[in-house]
Amino acid sequence: MRTTEAIVIVLAVLSVMSALLAVEAKKLLNAIISLAVMLACIGIIYWLFLAPYVALFHLLVYGGAVVILLVTAIMFVGGEGS
């Protein structure tokens, strides 16, 4: 197995674990951090698959804009109210 394949497998496992943590998190901010880790792992996997434009788009739009939007929405609504 080449190192690239090993890195992709590790990132895929980390991505699935982060997704499960995002679903099972008790606090909303922890769920968003897990979501950001998952989206970053998927962006890196795209980069390793030699798709740099898709990876850059994924990291900028999903990893950056969506996570910032969610954090901003939590701050406006009032945080961890439940």
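Hi everyone, let's start with a loop: leucine 50 sits in the stretch between α2 and α3. Please keep in mind that this is a predicted model. Leucine 50 has a positive phi of about 60°, although it is not a glycine. Is leucine 50 buried or exposed? Its relative accessibility is 75%, and exposed means over 50%, so leucine 50 counts as exposed.

Now let me step back to the whole chain. How many helices and strands are there? The protein has 3 helices and 0 strands, and from the N terminus the order of elements reads α-α-α. The C-alpha trace spans about 50 × 25 × 10 Å along its principal axes. There are 82 residues in the protein, and 20% of them count as buried. About 6000 Å² of the protein is exposed, with 77% of that supplied by carbon and sulfur atoms. As for contacts with a separation of 6 or more, 53% come from residues 24 or more positions apart.

Next, the two helices on either side of leucine 50. Helix α2 covers residues 28-48, and helix α3 covers residues 52-77. How do we describe a pair like this? Two packed helices are described by the angle between their axes and the distance between the axes. For α2 and α3, the angle is about 175° and the axes are 8 Å apart. That makes α2 roughly antiparallel to α3, because angles over 145 degrees fall in that class.

Which residues meet there? From the α2 side, they include Leu28, Leu35, Leu39, Ile42 and Trp47. From the α3 side, they include Pro52, His58, Leu59, Tyr62 and Ile74. If you have the structure open, you can follow these along both helices.

Let me pick out one of them, isoleucine 42. This residue lies in helix α2. Its relative accessible area is 24%, so isoleucine 42 is partly exposed. What does isoleucine 42 contact, leaving aside its neighbours within four places in sequence? The partners are Ser15 and His58. His58 belongs to the α3 residues that meet α2, while serine 15 has its place in helix α1. Also, the C-alpha atoms of isoleucine 42 and valine 16 are separated by 9.9 Å, with their positions 26 residues apart along the chain.

Since serine 15 came up, let's look from its side. Is serine 15 buried or exposed? With a relative accessible area of 9%, serine 15 is buried, because the cut-off is under 20%. Not counting residues up to four places away in sequence, serine 15 touches Met38, Cys41 and Ile42.

Staying in helix α1, which runs over residues 3-24, we come to isoleucine 9. Here the relative accessibility is 46%, so isoleucine 9 counts as partly exposed. Isoleucine 9 and isoleucine 45 are 36 residues apart in sequence, and 9.2 Å apart in space from C-alpha to C-alpha.

Isoleucine 9 also has a part on the surface. Together with Met1, Val13 and Met17, isoleucine 9 forms a nonpolar patch there. How much accessible area do those four have together? The figure is about 450 Å².

To recap the stops on our tour: leucine 50 in the loop between α2 and α3, the roughly antiparallel pair of α2 and α3, buried serine 15 with its contact to Ile42, and the nonpolar surface patch that includes Ile9. Thanks for listening, everyone!

Conventions. Residues are numbered from 1 along each chain as its sequence is written. This is a predicted model: local features need pLDDT of at least 70, side-chain atom pairs count only at pLDDT 80 or more; totals for chains, interfaces and linings use all residues. Side-chain values use heavy atoms; hydrogens and water are left out. Patches are made of residues with over 30% relative accessible area and no salt bridge: like charges are joined within 9 Å, nonpolar side chains (Val, Leu, Ile, Met, Phe, Trp, Tyr) within 5 Å. Accessible areas come from the Shrake-Rupley method with a 1.4 Å probe; for residues, only the protein chains shown count as cover. A salt bridge is a side-chain nitrogen of Lys or Arg within 4 Å of a carboxyl oxygen of Asp or Glu. Helices (H or I, at least four residues) and strands (E, at least two) are DSSP runs, numbered from the N terminus. Buried means under 20% relative accessible area, exposed over 50%, partly exposed in between (1.4 Å probe, protein chains only). Contact means heavy atoms within 4.5 Å. Axes are lines fitted to C-alpha atoms, for helices over the stretch in contact, and angles run from 0 to 180 degrees between N-to-C directions. Angles under 35 degrees count as roughly parallel, over 145 as roughly antiparallel, 65 to 115 as roughly perpendicular and the rest as oblique.
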